[in-house]
Amino acid sequence: MNGAEKLLETLVASGVDVCFSNPGTSEMQLVSAIGNNEGMRAILCLFEGVVSGAADGYARMSDKPALTLLHVGSGFSNSMANLHNAKRAHTPVVNIVGDHATYHLQYDAPLTSDVPAHATICSDWMKVSTSADDLAALGAQAVQASMEGAGKIATLIAPANHAWEEATQMVGALPVPVPASVPELNITDVVEALSSGKASALLLGGRALREDSLATAGCIAKASGARLLSETFAARMQRGAGRCPVERLQYFSEQVTEQLAGLEQIILVGAQAPVSFFAYPGKESWLVPDGCEVHELSNVDQDIDAALETLAARLGADIAANTTPPAPPFPPPGGLLTPIAIGQSLTLLMPHDSIVSDEAATCGLGIFPATENAPPHDWLMLTGGAIGQGLPLSLGAAVACPDRKVIALQADGSAMYTVQALWSMARENTDVTVVIMNNRSYAILNIELARVGAGQPTPKTLSMLDLSRPDIDWVAIAEGMGIPATRATNAEEFHRQFANAMEGQGPCLIEAMVVQQMPG
Ligand SMILES: Cc1ncc(C[n+]2csc(CCOP(=O)(O)OP(=O)(O)O)c2C)c(N)n1
């Protein structure tokens, strides 16, 4: 066996069985090894940002890493924005990046680059193999490293000669790391804090937003009188009817300030303390109210579920939390195609256990609250703010959960970053319904332009935030990549088209000509 074949054997034995790939010449042995290994599924993505975003979506839904296969420093750097989002989501990802053969690097051929330097920027673990045998051994270590804590980015650089040279050693899977327990001091501190009678909130992130942990957090909130808040951009929130409701922190800093006013203590559970997404002249960056204490029950990498259970037991919090009621019957929306109307259609039509990838940007601000009482579902958000996440994320989620409906709520500007994901959805026949929010604008930037006080915009200024001239035809784009598509210009049309999508199977796209009332 060569190093590539041995690596594949090791990865499959370690439980990694899906590879999102965009290879080059230096990865040909790896491509061949994947082609000959029955345990590894190969999914070609036509841009590396799709590769990394799909790996993120896959792992958010399956709680184990997918493999990415990337080509030298240039390929890796194309994947970086969505790796940044994956890192912020605390997602396990294993990247295999090919490089020139070790002896070839000295000649400085055109694609030569400092691959380790590229990889270091957004990897938690990074190693370069030193031989064919080392390649397979590092493969097992990379999988293990990716499963540390809540999830990490592990990048293994594979020089081409290590892939083609002979490997002889047996390499088995390494044990999956278990998350560290929360220190006893954290528990006693939070018990004391929540028993003090002060105005409190639990701020939840990471695994605390999964159904079971949320229910425990709900019991704690009920027993202690604390509010339940979630971070603004969660990797995966389990919400909808029958689940414990949680108040999402708003996006704009002045809204967050208002939301948090009066709190005397915030207990962090897998979340960071609230800060403003950006700095604005004359506005606060740190959004914890003056005088409000911040306690940490658990960081995102620790055993959040156990910490919440222990805390609930210590507080005697054994009365079940309130749950979100299902939506009462209401008629299908009509008239203007607003984000709220889209949310109402989702509430009425999305099947139980759907997965929503939300990169709807400004439209998402309206759709999210409008789906509060929808059937139970998973809501995946833009964790790192690097746009171009949504379409790849929904592709990966659909690969991880082929029996669940995936709905990609997708702003048009962000969709253009990684539009190639549509082609992979068609090729893999994933059950994703893409809803493009066509507002022909970088709407959020029009709002931010005013908020940062950048002065009176000229037509040239505004031209940098506007997506018309030419108008993008999303139906044509989707059809060109093998995805059936329709356009909805009012709420009735959207409802009908979305109903068809929910009844059908396989990828489709609805171009929603949205009408927005701008927040802020
Ligand atoms: C990788 C990356 N590039 C650029 C930006 C800056 N940016 C933030 S929002 C945005 C435009 C979003 O427009 P769209 O997706 O159409 O959503 P809308 O604001 O219209 O709702 C841009 C360019 C970013 N966040 N990430």
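At 10% relative accessibility, Arg236 counts as buried, a convenient place to enter this predicted model. Arg236 forms a salt bridge with Asp378, and the closest N and O atoms of the pair are 2.7 Å apart. Distant parts of the chain are linked in this way: Arg236 sits in the loop between strand E8 (227–230) and strand E9 (237–239), Asp378 belongs to strand E14 (residues 377–381), and 142 residues separate them. Asp378 likewise counts as buried, with a relative accessibility of 1%.

A further salt bridge brings together the side chains of Asp353 and Arg404, at 3.7 Å from N to O. Asp353 is placed in the loop between helix H13 (339–349) and strand E13 (354–359), and Arg404 in the loop between H15 and strand E15 (406–411), so this pair ties together parts that are 51 residues apart in sequence. The two partners can be set side by side by their accessibility: Asp353 is partly exposed, at a relative accessible area of 30%, whereas Arg404 is buried, at 17%.

Arg487 and Glu511 also form a salt bridge, with 2.7 Å between the closest N and O atoms. Here the partners come from two strands, Arg487 from E17 (residues 485–488) and Glu511 from E18 (residues 508–512), so the pair ties together parts that are 24 residues apart in sequence. Arg487 is partly exposed, with a relative accessible area of 36%, while Glu511, at 1% relative accessibility, counts as buried. Returning to the pairs described before, Arg236, Asp353, Asp378 and Arg404 are joined into one network by salt bridges that share partners. In total, the structure holds 23 salt bridges.

Attention now turns to two helices, beginning with H15. Of the 11 residues in helix H15 (residues 390–400), 10 are buried, so the helix is largely enclosed by the rest of the structure. The buried residues run from Gly390, Leu391, Pro392 and Leu393 through Ser394, Leu395 and Gly396 to Ala397, Ala398 and Val399. The loop that follows, between H15 and strand E15, is the one that holds Arg404.

Helix H12 (residues 304–315) has 12 residues, and the distance from its first C-alpha to its last is 16 Å, close to the 16 Å expected at 1.5 Å a residue. Its buried residues are Ile304, Ala307, Leu308, Leu311 and Ala312. Seen down the helix axis, the buried residues of H12 fall within an arc of 130 degrees, so they line one face of the helix. Glu309 and Ala313, on the other side of H12, are exposed. The packing partners of the buried residues comprise two helices, H9 (184–194) and H10 (211–224), and two strands, E11 (265–269) and E12 (293–298). After H12 comes Gly316, which has a positive phi, near 65 degrees.

Strand E12, one of the elements against which the buried residues of H12 pack, also contains Val294. Val294 counts as partly exposed, because its relative accessibility is 36% and the partly exposed class lies between 20% and 50%. Together with Val275 and Trp286, Val294 forms a nonpolar patch on the surface, and the three residues have about 280 Å² of accessible area together. Strand E12 therefore has a part both in the packing of H12 and, through Val294, in this surface patch.

Some details of the backbone round off the description. The peptide bond from Arg469 to Pro470 is cis, with omega near 0 degrees. Pro470 lies in the loop between helix H19 (459–463) and helix H20 (474–480).

Positive phi values are also found at Asp63 and Arg440, neither of which is a glycine. For Asp63, phi is about 55 degrees. Asp63 is located in the loop between helix H3 (48–62) and strand E3 (66–71), and is partly exposed with a relative accessible area of 34%. For Arg440, phi is about 50 degrees. The loop that carries Arg440 runs between strand E16 (432–437) and helix H18 (443–451), and Arg440 is partly exposed, with a relative accessible area of 29%.

Note on methods:
Residues are numbered from 1 along each chain as its sequence is written. This is a predicted model: local features need pLDDT of at least 70, side-chain atom pairs count only at pLDDT 80 or more; totals for chains, interfaces and linings use all residues. Side-chain values use heavy atoms; hydrogens and water are left out. Helices (H or I, at least four residues) and strands (E, at least two) are DSSP runs, numbered from the N terminus. The expected span of a helix is 1.5 Å times one less than its number of residues. Buried means under 20% relative accessible area, exposed over 50%, partly exposed in between (1.4 Å probe, protein chains only). The arc is that of the directions from the helix axis to the C-beta atoms. Contact means heavy atoms within 4.5 Å. Patches are made of residues with over 30% relative accessible area and no salt bridge: like charges are joined within 9 Å, nonpolar side chains (Val, Leu, Ile, Met, Phe, Trp, Tyr) within 5 Å. Accessible areas come from the Shrake-Rupley method with a 1.4 Å probe; for residues, only the protein chains shown count as cover. A salt bridge is a side-chain nitrogen of Lys or Arg within 4 Å of a carboxyl oxygen of Asp or Glu.
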